[in-house]
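Reader: I've got this one open on my screen and I'd like a close look at one part of it, the strand pairing, and then how that part sits in the rest of the protein. Could you walk me through it in one go?

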Amino acid sequence: MGLLALNRLMSMQKDRRRRRIRASSMSIALMAKRKGSPCQKEDYSEGSKRVRSSVPDLPQEIWHDIHSLLPLRDAARAGCVSHAFLDSWRWHPNLTLNPKTLGLSGQNFINKVDQIMKKHSGIGIKSFKLHHYGSRIHASKLNNWLRVAVTPEIHELELSLPTVGKAQLYNFPCPLLFAGSAGNRIRDLQLANCAFHPVAGLGCLTRLYLSNVHITGDELRCLLSNSFVLEELSLNHCSEIMCLKIPCLLRRFTNLTVFDCRALEIIENEAPNLCTVLIDTDIVHKSIGYSLQVKRLEMFCAVEFNLVHHVRAKLPASMPNLETLSISSAGEMFSTPSVPGKFLLLKHLDICLEVAIGAFSPDYDYFSLAFFLDACPILENFNLDVIQTRMRHDSIFEDSSHLRQMLGHRHDNIKTVKITGFCSAKSMVELTCHIVENATSLECLTLDTISENGLSDDVRLSMHEIGECPPICRHMIGEAQRALLAMERYIVGKVPSTVKLNIKKPCSWCHAR
């Protein structure tokens, strides 16, 4: 689209020039005919025409503005047309350098980036994004590139380098950001696979993303304490942070994401307006500090047990304003308790019960999740995903007598329910029947006998079209058939006609026994 607009502008300028030349020629010829001007002796034959440039004669500043609106690839292509374009290319303010935009990889990519940065004027760069996944780039070369890129006008800085050992990590040159005025306007800072040792804050920083970055808790606290307009912080695999402290001065701070920071032992949040928390470490069992305004919480940990029990028992008091809650538990030694606290504002609840190999906690009572639903009076959407390779719960076919009921527990606002990994466990059948009988506003019920780690229907279909569905162990394929029989016998007949029932079966091609 950028080149199309540029070509259109050039075409309009060319037409106007032709009209001016034609009008001027006619005027000169007429005057020569009347006054015998010397111009009459000029040769205007086809053979005497000089080759003219098709580039409009515009001030250089206008070309700079035009090129600043072009995507990087289009601006680079335009730079091949003429020297005028090439000069403007050297002033391009938005540099996104990755294998896709340059069409190169490995050492060829490094050489091309080096050429671009050496030729760039270094003036007016607002965005610099470098993503390299191949061979290691020498530190001196990276330093030279950043000296060009980090200017007083820069707003966005992204640096993602290849994964290397700790001894080979690139040490980000912090003086470029914190000495002088070079980093005063940075709003978005994203670093991956490097060492970062800040000594001050960044006054305009609103988003900070660190992935596999070697930074200590004290260094991070120094940065946060002096970045007063920070809104988002994301930490991924930052293995040297043991304590994360978020100061109360960050009144705009709203989003916190922490993944795979294995040394992290405690989060002390004092920011008053934190509203979104995504976390996957074992500190989910502990307080994260001030959290009264949190509206969205996602807790994922592949090795943590009893998260459902912990959330139901502890969170209503510490996070009373939750609206969206997602939990992933590797096992539950205790069934979900019935306790007084309620999630009065919770509308969306996702629970994933996942074990990589074997059966999910055979003693866990799925039916006890009805207590969780009862604690969410305005809940609208409930998703339950059970991921296991064996089913060890008591089957409905082993004991079908006396299906439990929970009288007086109505769920008047639940509209959609989806249970993925539905099995023939008696307690799961009881839970489903309870929902069908007590969710008076239910519009859609989906029961999926196959759990494929959260894959959406579209992804599952596309995978089937290009090959085979994800493999499912033979035991769970057989269990899926028993689950279908349990649905037909105990659930389908209880579903009101006003409810859309979706039953998803194993693939008849890929999951045949």
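Author: Start with β16 and strand β17 (residues 444-448), which pair in the parallel sense over five bridges. If you want a spot to click on, take V417: its bridge partner in β17 is L445. Keep in mind throughout that this is a predicted model.

Now go to the other pairing of β16. Strand β16 covers residues 416-420, and strand β15 (residues 381-387) pairs with it, again over five bridges and in the parallel sense. Here the pair to look at is N383 and K418, with K418 being the partner in β16. So β16 has parallel pairings with both β15 and β17, and the definition behind that is simple: two strands count as paired because DSSP finds at least two bridges between them.

Stay in this stretch of sequence and look at helix α12, which spans residues 426-438 and holds C433. Is C433 buried or exposed? It counts as buried, because its relative accessibility is 5% and the cut-off for buried is under 20%. As for what C433 touches, once you leave aside its neighbours within four places in sequence, you find Y490, I491 and K494. I491 is 58 residues away from C433 along the chain, yet their C-alpha atoms are separated by 6.1 Å.

There's another parallel pairing to compare by eye: strand β8 (residues 243-246) with β10, over four bridges. K245 has E268 as its bridge partner in β10. What do the side chains of β10 do along residues 266-269? They alternate: I267 and N269 point to one face and are buried, while I266 and E268 point to the other face and are not buried. That is the pattern to expect, because side chains in a regular strand alternate between the two faces of the sheet.

Now zoom out to the packing. The largest nonpolar core has 117 residues, and those with the most contacts inside it are F128, F196 and L244. There is also a second, separate core of five residues, with I472, M476, I477 and A480 among them. Back in the largest one, F196 is a good place to centre your view. Not counting residues up to four places away in sequence, F196 touches a long list, including F172, C174, L177, F178, L189 and L191. Also among the residues F196 touches are L210, V213, H214, I215, E219 and L223.

Not everything nonpolar is tucked away, though. F305, M333 and F334 form a nonpolar patch on the surface, and together they have about 350 Å² of accessible area. F305 sits in the loop between β12 (296-300) and α10 (307-318). F305 counts as partly exposed because its relative accessibility is 41%.

Next, the charged pairs. The structure holds 16 salt bridges. One of them joins E232 and R207, with the closest N and O atoms 3.5 Å apart. That pair links distant parts of the chain, since E232 is in strand β7 (residues 232-236) and R207 is in strand β6 (residues 207-214), 25 residues apart. Both ends are partly exposed: E232 has a relative accessible area of 32%, and R207 has 29%.

Another salt bridge runs between R262 and D260, where the closest N and O atoms are 2.8 Å apart. R262 counts as exposed at 72% relative accessibility, whereas D260 counts as partly exposed at 25%. Then there's R410 with D412, where the closest N and O atoms are 3.5 Å apart. D412 is partly exposed, at 38% relative accessibility. Finally, D114, K118 and K141 are linked in a network of salt bridges.

To put the strands back in their setting: the protein has 14 helices and 18 strands. Of its 513 residues, 47% count as buried. Among contacts between residues at least 6 apart in sequence, 64% join residues at least 24 apart. As for the outside, the protein exposes about 26000 Å², and carbon and sulfur atoms supply 53% of that.

Definitions and conventions
Residues are numbered from 1 along each chain as its sequence is written. This is a predicted model: local features need pLDDT of at least 70, side-chain atom pairs count only at pLDDT 80 or more; totals for chains, interfaces and linings use all residues. Side-chain values use heavy atoms; hydrogens and water are left out. A nonpolar core is a set of buried Ala, Val, Leu, Ile, Met, Phe, Trp, Tyr and Cys residues joined through side-chain atoms within 4.5 Å. Buried means under 20% relative accessible area, exposed over 50%, partly exposed in between (1.4 Å probe, protein chains only). Contact means heavy atoms within 4.5 Å. Patches are made of residues with over 30% relative accessible area and no salt bridge: like charges are joined within 9 Å, nonpolar side chains (Val, Leu, Ile, Met, Phe, Trp, Tyr) within 5 Å. Accessible areas come from the Shrake-Rupley method with a 1.4 Å probe; for residues, only the protein chains shown count as cover. A salt bridge is a side-chain nitrogen of Lys or Arg within 4 Å of a carboxyl oxygen of Asp or Glu. Helices (H or I, at least four residues) and strands (E, at least two) are DSSP runs, numbered from the N terminus.
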